[in-house]
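Got the viewer open? Take this tour one selection at a time, and keep the sequence panel handy.

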Amino acid sequence: RKEAPKKKKIGASSSGLSLSATNIKDNLGKKKEKASTSLPMSQAILTYALHGGVLLGLVSLLFFLAAQTSRQISDYWVRQWTGDTQKWYALGKPTLPGLLPGHAYVMIYGIITAGFIALMLCRGSAFHWWTLGSSQHMHKKMVHKVLHAPLGFFLQNPVGEMLVAFTKDQDIMD
């Protein structure tokens with residue numbers, strides 16, 4: 001024996017949304033349970049890094065490593081200079097034409113320092129482009145998903161909460 005299908009309540013749809021009048025007073029004081037939309041930190045970092053571009057991320061990492069290496073080289077050179085390991089002070093004669101004894105240490109240290117500064121500027125620029133690209137790409141993706149969401153999404157989610165979520169997410173990304 002088949003049972004007859006149950007009647008839907010007036011104003012209810014198959015999606016569970018209702019176009020009938022609602023009583024706001026019934027919902028006052030009741031807290032809605034929010035579904036967690038946050039990602040674990042490791043997954044959030046990976047997502048952010050991938051949206052910025054893998055190649056630019058690798059370039060940024062290489063500039064970081066190169067800058068740190070040049071800093072270590074400059075520290076090594078200062079130890080060489082203070083210990084006079086090249087014996088340029090002891091010789092008492094010019095190391096290169098036109099340079100007084102020991103000026104070669106200063107010149108080489110200046111070159112290493114200039115290289116370090118250039119690498120730091122490149123590192124900062126690459127990292128800035130990488131993070132800015134990631135932030136812009138993720139923001140465009142979020143806006144696109146919200147603008148193409150079904151109407152029921154906006155009926156279930158207050159606009160204020162969406163604005164707070166967008167602001168918070170964008171603030172974190174920036």
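Start by colouring the model by confidence. This is a predicted model, and helix α3 (residues 54-83) has the highest confidence, with a mean pLDDT of 94. At the other end of the scale sits helix α1 (residues 24-27), with a mean of 50. Across the protein the mean pLDDT is 79, and 73% of the residues reach 70 or more. Now select residues 10-17: pLDDT stays under 50 there, and the model gives this stretch nine contacts beyond four places in sequence.

**The whole chain**

Switch to a cartoon view. You'll find seven helices and zero strands, so to speak a run of α-α-α-α-α-α-α from the N terminus on. Turn on the surface next: about 14100 Å² is accessible, and 66% of that belongs to carbon and sulfur atoms. Of the 174 residues, 15% are buried. If you draw the contacts between residues at least 6 apart in sequence, 67% of them join residues at least 24 apart.

**Stop one: helix α3**

Select residues 54-83, helix α3. From its first C-alpha to its last, this 30-residue helix reaches 44 Å, close to the 44 Å expected at 1.5 Å a residue. Which residues of α3 are buried? Highlight Gly-57, Ser-60, Ala-67, Ser-70, Ser-74, Trp-77 and Gln-80.

Zoom in on Ser-60, which lies in α3. Ser-60 counts as buried because its relative accessibility is 6%, below the 20% cut-off. Leaving aside neighbours within four places in sequence, what does Ser-60 touch? Show Arg-123, Ala-126 and Phe-127, and you have its contacts.

Stay in α3 and pick Arg-71 and Asp-75. The two form a salt bridge, with their closest N and O atoms 3.4 Å apart, and the count of salt bridges comes to one. Both residues lie in α3, four residues apart, about one turn of the helix. An α-helix has 3.6 residues a turn, so residues three or four places apart point the same way. Are these partners buried or partly exposed? Arg-71 is partly exposed, with a relative accessible area of 39%, and Asp-75 is partly exposed too, at 32%.

**Stop two: just past α3**

Step on to Asp-84, which follows α3 and lies in the loop between α3 and α4 (88-91). Its phi is near 45 degrees, a positive value in a residue other than glycine. Asp-84 counts as buried because its relative accessibility is 13%, again under 20%.

**Stop three: helix α5**

Now select residues 103-147, helix α5. Its 45 residues reach 66 Å from first C-alpha to last, close to the 66 Å expected at 1.5 Å a residue. Buried residues to highlight here include Trp-130, Thr-131, Ser-134, Ser-135 and Met-138. Ala-126, one of the contacts of Ser-60, is also among the buried residues of α5.

**Last stop: the core**

Which residues make up the largest nonpolar core? Show side chains for Trp-77, Trp-88, Leu-99, Ala-104, Tyr-105 and Ile-112, six residues in all. Helix α5 supplies the largest share of this core, three residues. Trp-77 will look familiar from the buried residues of α3.

Technical notes:
Residues numbered from 1 in each chain as written. Predicted model: local features only at pLDDT ≥ 70, side-chain atom pairs only at ≥ 80, totals over all residues. Heavy atoms only, no water. pLDDT = per-residue confidence, 0-100. Helix = DSSP H or I, 4+ residues; strand = E, 2+ residues; numbered from the N terminus. Contact = heavy atoms within 4.5 Å. Buried < 20%, exposed > 50% of the residue type's maximum accessible area, 1.4 Å probe, protein only. Expected span 1.5 Å × (residues − 1). Areas by Shrake-Rupley, 256 points an atom, 1.4 Å probe, with all protein chains shown as cover. Core = buried A, V, L, I, M, F, W, Y, C linked by side-chain atoms within 4.5 Å. Salt bridge = Lys/Arg side-chain N within 4 Å of Asp/Glu carboxyl O.
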